[in-house]
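Colleague: I should be grateful for a close look at one part of this model, together with an account of how that part fits into its surroundings.

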Amino acid sequence: MSRPGWFGALLALALAAALTFLTLPVLAIFIHSSPRELLESLGDPSARDALRLSIATTTVAIAVIVLVGTPAAYLLATRAFRGRALVVTLVELPLVLPPAVAGIGLLAALGPNGLLGDALDDAGLELVLQTAGVVVALIFVAAPFHLRAAQAAFGAVDPRWIEASRTLGAGEARTFARVAVPAALPGLGAGLALAWGRALGEFGATLMFAGSFRGITQTAPLAIYAEFAVDFDGALALSAVLVAISAALLLSTKLLARDALARA
Amino acid sequence: MRKRAAAVLAAILTTAVAACGSSASGDEDLVVSAASSLTQALTAYGRSFDGGAVRFQFAGSDELAAQIRAGVKPDVFASANTSLPDRLHEAGLVGRPVVFAGNRLVIAVPAEAAKVSSIADLAKPGTTIAVGSEEVPIGSYTRAAIGRLGGTRSAAVLANVRSNEPDVKGLVGKLTQGAVDAGFLYVTDVTATSGKLRAIELPTSLQPSVAYGIAVVAGAKHPAAAQRFVAGLLHGKGADQLRAAGFDPPPT
């Protein structure tokens, strides 16, 4: 047996193991709930409220992440400055924080007794136990996913294109909008999808910072957790819906980015 | 550079493993699933328990019961009510439950600068309240008490609820962080915060009967030790720890 053959078999085996392990729980959710049960679970008004809230809060959070995160990532990817590595590490830190730590941190920073508690109160801003608090928690845990992917995407754009655009007289902003963003689009789309998926699944930080109240702060993962104790099948069905939505998001973002690249 | 990074990583991992080393536990531990509100009392009892090492899992009683229904097998299940162990017993999943402690529902407020000082304050517009979710015992006791306020008053209190927390830990956290003005807790939870929270007693007419049930799980790995653990909670070191934490003797 030649060496590539032996190594190739090992690679295939590793992939098979990874695929089985990573898909089995998802598969189990769908095997457990028939399509009819899925539809019935959507008929439950509290499940519908939770899904609606999840979609609304994640959409707002993703909009903020994209609007602020994309230019920030562009700066990190295209400029060299002192302490850049430190800044990159700091903005990526929430990636590795346990959700409970994120929740405690948010309370300590933005809670009524937190660092900025009085300032927020003076400004008339209430976050804790409010829908706005859910959005804040989602942005905190999901933004690093987009920042990281966007940085990599901008970093991979050929610097000569950017240089050429500048030489041709396009300003900094025009170069960013007309050259860098279109060229980095697939990577930006992937980052957006990851961040959106992470936001949809957020549980711990939301519960600790924003609490759980139907229609206000009870997102789909919190509803699944509440349901789990009383109605395992209902929780499974709602889980399946969440998986389907996340998968559809992931797929459509990837397809959109690919189409955009083909047109560019 | 890479060598240095590897050395740092190795140092972190070694420290972490060493720190956890002593707590690594084997299959011989007695596993006890218990209501969050029992955390302090049972942890103290576990240290003095002479039937071997005890491993605790504290969460909302309803979550723990759901785990047992899903096939998880601790040795002992201690619930903040009697209906969850009773139902598991009917399903053949746990042995006959016994009542081992009582507790009192109270209104909990921050010790300093509390906005709420009476039940009437709970119904005022603008007061924010956290309660247990409907499924967890603290939540159903709370709803029973609020229901006894009667029609418009109970509706006014319920309208001020801002969060339905999955267990008492969540409620204590929301209160100590000042996220809400008041919450419904067991008096033992308030005692356990050592002064951060203050309890406002409920009048007898509103007070629900809070009884804790415990049972040995069917097919427990350590049935003998589990029985001893339960017995110690009825008469012995466990009962002493429960009284020290402020639990009442089992209501009759």
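Modeller: In this predicted model, helix 2 of chain B spans residues 39-48, and its buried residues are Thr39(B), Ala41(B), Leu42(B) and Tyr45(B). These residues lie on the same side of helix 2 of chain B, because the arc they cover around the axis is only 165°. Arg47(B) and Ser48(B), on the other side of the helix, are exposed. The partners of the buried residues are strand 1 (30-35), strand 2 (54-59), helix 10 (223-234) and helix 11 (237-244) of chain B.

Two of these partners, strand 1 and strand 2, belong to an open, mixed sheet of 5 strands, ordered 2-1-3-10-4 in chain B. Strand 2 and strand 4 (98-103) of chain B are the edge strands, each pairing on one side only. From one strand to the next, the twist averages 20°. Strand 4 of chain B is joined to strand 10 (residues 210-216) by 5 bridges in the antiparallel sense, and Asn103(B) has Val210(B) in strand 10 of chain B as its bridge partner. Helix 10 of chain B, already met as a partner of helix 2, also packs on this sheet, where it touches strand 1, strand 3 (76-79), strand 4 and strand 10 of chain B. The direction of helix 10 makes about 160° with that of strand 10 of chain B.

The wider setting is given by the domain division. Chain B is split into domain 1 (24-102 + 211-244) and domain 2 (105-201). The centres of the two domains of chain B, taken over C-alpha atoms, are 27 Å apart. Contact between them involves 11 residues of domain 1 and 12 residues of domain 2 of chain B. On the side of domain 1 of chain B that touches domain 2, the residues comprise 3 nonpolar, 7 polar and 1 charged.

A further open sheet of chain B has 5 strands in the order 7-6-8-5-9, again with mixed pairing. Its edge strands are strand 7 (161-165) and strand 9 (197-201) of chain B, and its twist averages 35° from one strand to the next. Strand 5 (residues 105-110) and strand 9 of chain B run antiparallel and are joined by 5 bridges; Ile107(B) stands opposite Ile200(B) in strand 9 of chain B. Helix 6 (residues 137-147) of chain B lies across strand 5, strand 6 (129-132), strand 7 and strand 8 (182-186), at about 120° to strand 6 of chain B.

Notes
Residues are numbered from 1 along each chain as its sequence is written. Chains are lettered from A and ligands numbered from 1 in the order in which they are written. This is a predicted model: local features need pLDDT of at least 70, side-chain atom pairs count only at pLDDT 80 or more; totals for chains, interfaces and linings use all residues. A residue is buried if 20 or more other C-beta atoms lie within 10 Å of its own, exposed if 12 or fewer, and partly exposed in between; C-beta atoms are placed from the backbone. Helices (H or I, at least four residues) and strands (E, at least two) are DSSP runs, numbered from the N terminus. The arc is that of the directions from the helix axis to the C-beta atoms. Two residues are in contact if their C-beta atoms, placed from the backbone, lie within 7 Å. Two strands pair if DSSP finds at least two bridges between them. Axes are lines fitted to C-alpha atoms, for helices over the stretch in contact, and angles run from 0 to 180 degrees between N-to-C directions. Domain bounds come from an automatic or database domain assignment. Ala, Val, Leu, Ile, Met, Phe, Trp, Tyr, Cys and Pro count as nonpolar, Asp, Glu, Lys and Arg as charged, and the others, Gly among them, as polar.
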